[in-house]
Amino acid sequence: MSRRYDSRTTIFSPEGRLYQVEYAMEAIGNAGSAIGILASDGVILVGEKKVTSKLLQTSHSTEKMYKIDDHLACAVAGIMSDANILINTARVQAQRYTFSYQEPMPVEQLVQSLCDTKQGYTQFGGLRPFGVSFLFAGWDKNYGFQLYMSDPSGNYSGWKAAAIGANNQAAQSMLKQDYKDEITREEGVQLALKVLSKTMDSTSLTSEKLELAEISLDPSGVVKYQVCKPEQLEKLLVKHGLTQVSSESA
Amino acid sequence: MECVFGLVGDGFALVAADTSAVHSILVHKSNEDKVMLLDSHKLLGASGEAGDRAQFTEYIQKNVHLYEFRNGIPLTTAAVANFTRGELAVALRKNPYFVNILLAGYDKDVGPSLYYIDYIATLHKVDKGAFGYGSYFALSMMDRHYHSRMSLEEAINLVDKCIMEIRSRLVVAPPNFVIKIVDKDGAREYAWRESIKDAEVSAA
């Protein structure tokens, strides 16, 4: 391979590739996966936790899901410390918008703004790209519920269902088969958990290894971001018959 | 002395402004349009230092256009009002703009709205507002005759009453006014009220 062209992020290889960006995506391919599903009444984000230990204080922080603003949240896959920097940047951008316009920042604009930041690291400065992929889930009054996926190159697009992290290609093709338009949040949760259970490496699925979050509208029209509690998640897994080793077909 | 005033009616908002451009004792022109169309559904009526007025309103207009080009959706009237106020607030402690603004707009979900923004970055959402010496007369007339959800005919009547009052009671009253409205069909010029027309230059 053209090894001499990989050390600098800001140059193309002779074949027209940006190796550092590709290597960043490799790093994410080894990280815990995350799946996002756009439902008619909300957006679902499910993540696979890689760091599992009885000693972890799970009630105080999340590993995969982060709230960016009242109407926007994201799931991450990749290097956590890189993700923290970008999440903070996203939060500042969202507040800066609200400071100027006294309105919540439209979801796509936030994603675009963050991706512009990421793109900078692929073109100038000599710094490596961020080793993180995001799934952004949110609601705004222009386009309702939306799901976006972005990667280290700074590209992004809107999705009905998407997967990032380990085995994301397998997850993506499963989603392609089973997703249907106008899916409800409940069906979306079931689909996400089912796909994740099939693509996760571990032999059995427990609520300790997963994180589930949903974006929805409450009856008065206010956007709600909720992370599912472990007890509820366990109940969901039992309900959908996913707690055993996945030898039972759907 | 310059005068801008406006009000919100039933499904529309309107802004009226005098059209004089004055320097000391000289009237440069009496058909200067001080109510700018920001986008399809917004009007910005401004009064104050002439250079600041033109420069600041054009700056706001171009930023509103830029947002729409970048993001594919227009800004709401409230968002433009807050953005404008923010720009005035930042400039205030460095190099203030001496411009007073009445921003009128129509949004599908909210209906018509009017924002009062003065040169020291005060922002108020109002049903009626006025700037300049003419405001003493316009506000009094509007306080007496305004009610919510006025029809266009009633509102124009009230505007004409205000203009009459300004013309008759203000010592160096501007002779001509322009009235612009914005409703669900967009922002547009409604009428001029001229008591002095610039003399036509006869062809040689």
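**View 1. The exposed side of helix α4 in chain A.** A:Gln169, A:Lys176 and A:Gln177 are exposed on this side of α4(A). The model shown here and in the views below is predicted. The helix spans residues 168-178, and its buried residues are A:Ala171, A:Met174 and A:Leu175. Viewed down the axis of α4(A), these buried residues fall within an arc of 100°, so they line one face of the helix. Their packing partners in chain A are β1 (34-39), β8 (161-164) and α5 (185-199). The exposed residues A:Gln169, A:Lys176 and A:Gln177 sit on the other side.

**View 2. Strand β4 of chain A and its pairing with β3 and β5.** Strand β4(A) covers residues 72-78 and is mostly covered, with 6 of its 7 residues buried. Strand β3(A), residues 65-69, pairs with β4(A) in the antiparallel sense over 4 bridges. A hairpin of 2 linking residues connects β3(A) to β4(A). A:Asp69 has A:Leu72 of β4(A) as its bridge partner. Strand β5(A), residues 132-140, also runs antiparallel to β4(A), and 7 bridges join the two. Here the bridge partner of A:Leu72 is A:Gly138. A:Leu72 thus appears in both pairings, with A:Asp69 and with A:Gly138.

**View 3. Strand β7 of chain B, covered on both faces.** Residues 99-107 of chain B form β7(B), and 9 of its 9 residues are buried. One side carries B:Val99, B:Ile101, B:Leu103, B:Gly105 and B:Asp107. The other side carries B:Asn100, B:Leu102, B:Ala104 and B:Tyr106. Strand β6(B), residues 42-48, is joined to β7(B) by 7 bridges and runs antiparallel to it. Strand β8(B), residues 111-117, is likewise antiparallel to β7(B), again with 7 bridges. B:Leu103 of β7(B) stands opposite B:Leu44 and opposite B:Tyr115 in β8(B). β7(B) and β8(B) make a hairpin, with 3 residues between them.

**View 4. B:Thr77 and its contacts.** B:Thr77 belongs to helix α2(B), residues 77-92. Its relative accessibility is 0%, so B:Thr77 counts as buried. Neighbours within four places in sequence aside, B:Thr77 is in contact with B:Lys42, B:Leu103, B:Ala104, B:Gly105, B:Tyr106, B:Asp107, B:Ser113 and B:Tyr115. Among these contacts are B:Leu103 and B:Tyr115, which stand opposite each other across β7(B) and β8(B).

**View 5. Two loop residues with positive phi.** Most residues other than glycine have a negative phi. A:Gln102 has a phi near 55°, a positive value. A:Gln102 lies in the loop between α2 (80-101) and α3 (107-123) of chain A. At 48% relative accessibility, A:Gln102 is partly exposed. In chain B, the phi of B:Arg149 is positive too, near 60°. B:Arg149 is placed in the loop between α3 and α4 (152-169) of chain B. B:Arg149 is exposed, with a relative accessible area of 59%.

**View 6. A nonpolar surface patch on chain B.** B:Met1, B:Tyr133 and B:Tyr136 make this patch, which has an area of about 390 Å². B:Tyr136 is part of helix α3(B), residues 134-145. With a relative accessible area of 59%, B:Tyr136 is exposed.

How values were computed:
Residues are numbered from 1 along each chain as its sequence is written. Chains are lettered from A and ligands numbered from 1 in the order in which they are written. This is a predicted model: local features need pLDDT of at least 70, side-chain atom pairs count only at pLDDT 80 or more; totals for chains, interfaces and linings use all residues. Side-chain values use heavy atoms; hydrogens and water are left out. Patches are made of residues with over 30% relative accessible area and no salt bridge: like charges are joined within 9 Å, nonpolar side chains (Val, Leu, Ile, Met, Phe, Trp, Tyr) within 5 Å. Accessible areas come from the Shrake-Rupley method with a 1.4 Å probe; for residues, only the protein chains shown count as cover. A salt bridge is a side-chain nitrogen of Lys or Arg within 4 Å of a carboxyl oxygen of Asp or Glu. Buried means under 20% relative accessible area, exposed over 50%, partly exposed in between (1.4 Å probe, protein chains only). The arc is that of the directions from the helix axis to the C-beta atoms. Contact means heavy atoms within 4.5 Å. Two strands pair if DSSP finds at least two bridges between them.
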